[in-house]
Amino acid sequence: MNEEMQPELTNPSDPIAFQTEIKQLLNILIHSLYTEREIFLRELISNASDALTQMRFVQQTDHEVLDPEAEFEIRISVDEDARVIKVEDTGVGMTRDEIEQNLGTIAQSGARAFIEAVQDDEIDAADVIGKFGVGFYSVFMVADWVKVTSRSYQPDADPVSWFATGADTFQVGEAEKEPRGTTVEIKLKEDAEEFASPYRLKEIVKTHSDYVAYPIFIGDDKEQTNEQSALWRQMPQNVQEEEYQEFYQHLTLDFQPPLDQIHFIADAPLKIYALLYLPRKQDPGMFTMRDQDGLKLYARKVLIDEYAKDLLPQYYRFVQGVVDAEDLPLNVSRESVQASAVMARIKKILTNQVTRKLKAIAGDDQELYEQFWSEFGQFIKEGVASDEKNGEDLYPLLRFRSTSCPEIWSSLDDYLERMKSGQEKIYYILGDDQRSITRSPHLDYFQSHGYEVLTLTDPVDSFMLMGLREYQDFPLQNVSASDLELPVPGKESSEEDEAEEVEKESPLASEELEPLIEKFKTQLGDRVADVRATDRLTTSMARLVDAAGAMDQEMQRVYRMMDKEFQNPKKVLELNPQHPIIKELGTINDSNQVVETVIDQIFDSVLLIEGIHPDPPSMIPRIQKLMELALENQEN
């Protein structure tokens, strides 16, 4: 550092040693806590804002103050050639005793408590943050030296100056300053010359201090740099729809209007201002301002965290917006918030607000909610699976296709309204796509008896079912379960069912069925756990079910998605003894190439329907062979 460039103090004191804790604090702040050096300006602006707020409070009770007509404002100037920045406010200012106490001793900084806490091996720094107003010292990340000139609002107090280089000592001296308030003068290091630019300073203010309550001016600009009027702090009834959309575009650069917004002010148990948005699309586009998930977190209109991820559960990560808390505990660097009960309560409040809004949309505007569901339904399912405490609150938000209503989205309440008399369970089936799932043999009995089945084709559905076991006291039941107890139709359906029974084909006789089952077992070998007949199929010739003791289908799909090497457990092949193909196979006494080929094709067909065929193209040569055999039979 060039000693000749240091400012001179009037009647300076002898060098005063920082207390040991301050020295340690400077080292910690400069080298450990701050990850973005630009934070120094945010801290100085925050301190200036606090000084102005204190001054406003003083003037409510004390009219004998210095400069009673002074404007409440913050001014920042920069000498680019000299690399010197000044931050000035018209706040309460400081006396000589106050400046020594606030900037050089332990009394106000709380540094000792902080250092003792972080040096305790059993206490994590995150558990003791929020009690230490030491952000001022972040200036030494970028400064060769710092000079503070201040004049108290008390008319008889003399102006005072304070000077330090970040070394072990500081000096205090007299000063010339007419107006009240404080000026912080910073000589930037050579490697910090980027901050000697009015444009860069404006950028920092817009990013971190845009909504500070007092106007901020940079250089000779007559137009203030910060927005100042925080939209989220206004009463919702006073905000126009155009203002909401304009702020959303400013926040995200998403030029599509949001699906809806949530604007609320909570007074108890915490004072919170929040303006949250539900985007219209999951993909924010290439010009988005928000390259991470998380809300903007403010404390008294000072930006604390650009991407606060702990304010909402992970499944609501698509929500955009800002949250402003009055008494939020902050860590020493103000870059992250204290892990505390306060944050947990804020999260609970915000989560309830988002869930309530989605339920309101679902109830009031079905078309709008379907737009939301098409884009973000998978997040709601994720929440059902992952949130043990609040997952049940999300059940009414779920939407499904079904065998009875394949073209529309139905809620679980819609399903309950359409249930057959006496039905005791909500039935569902898992599959890979809507077209193939409707051809599943597991649906035979349910379709023939008019039972509605939810068709779940989203990969996340298997995870969702881990958290959704019943709804309104009705258990959910997979129709492909091997131990499924089939529902018994009510009396009103008995005549139709009896007529249907008369029309059914007679099954293959046992003396023919048993040898056929053995042929299947011989041909398929260890590809199946077993082969048996079933009376649960009507139009389908066969189906696959899990063997006794095997993990359920939901868990199989979960493991298959998580691990590419996962192998599905061997399944049981069940045959429909009433199906024409099965009956025809049973009449062929000896095994031959045709029988073996047909058995292989039946097995591959049910694998394909289940969505677990390892190599579908491998069926093509066999299908061609069957076609050749069919044509040869026609010629004969």
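In which sense, right-handed or left-handed, does α2 pass α6? The points below take up this matter and several others.

1. The structure is a predicted model. Its chain has 636 residues, of which 48% are buried. The secondary structure comprises 19 helices and 21 strands. Among contacts in the chain with a separation of 6 or more, 72% join residues that lie 24 or more positions apart.

2. On the opening question, the crossing of α2 with α6 is right-handed. Helix α2 spans residues 39-61 and helix α6 spans residues 198-208. Their axes come within 10 Å and cross at roughly 65°. Since angles of 65 to 115 degrees count as roughly perpendicular, the two helices α2 and α6 are therefore described as roughly perpendicular to each other.

3. The contact between these two helices involves I39, L41, R42 and I45 on the α2 side, and L201, I204, V205 and H208 on the α6 side. By class, the residues of the contact of α2 with α6 comprise six nonpolar, one polar and one charged.

4. A second helix pair is formed by α8, residues 341-364, and α9, residues 366-386. The axes of α8 and α9 come within 8 Å, with a crossing angle of roughly 140°. That angle makes α8 oblique to α9, because only values over 145 degrees count as roughly antiparallel. The crossing of α8 with α9 is left-handed.

5. Which residues of α8 meet α9? From α8 they are L358, I361, A362 and D364, and their counterparts in α9 are Q366, L368, Y369, F372 and I380. The contact of α8 with α9 divides into seven nonpolar residues, one polar and one charged.

6. Turning to the strands, one open sheet contains five of them, in the order β14-β16-β15-β18-β17. The pairing within this sheet is mixed. At its edges are β14 (401-402) and β17 (470-471), each of which pairs on one side only.

7. The edge strand β14 pairs with β16, residues 453-456, in the antiparallel sense. Two bridges connect β14 and β16. Where in β16 is the bridge partner of R401? The partner is T455.

8. For the description of helix packing, a general remark applies: two packed helices are characterised by the angle between their axes and the distance between the axes. In these terms, the entry for α2 and α6 is roughly 65° and within 10 Å, and the entry for α8 and α9 is roughly 140° and within 8 Å.

Conventions
Residues numbered from 1 in each chain as written. Predicted model: local features only at pLDDT ≥ 70, side-chain atom pairs only at ≥ 80, totals over all residues. Heavy atoms only, no water. Axes fitted to C-alpha atoms, helices over the stretch in contact; angles between N-to-C directions. Helix = DSSP H or I, 4+ residues; strand = E, 2+ residues; numbered from the N terminus. Parallel < 35°, antiparallel > 145°, perpendicular 65-115°, else oblique. Left-handed = near helix turned anticlockwise from the far one by under 90°. Contact = heavy atoms within 4.5 Å. Nonpolar A, V, L, I, M, F, W, Y, C, P; charged D, E, K, R; others polar. Pairing = 2+ DSSP bridges. Buried < 20%, exposed > 50% of the residue type's maximum accessible area, 1.4 Å probe, protein only.
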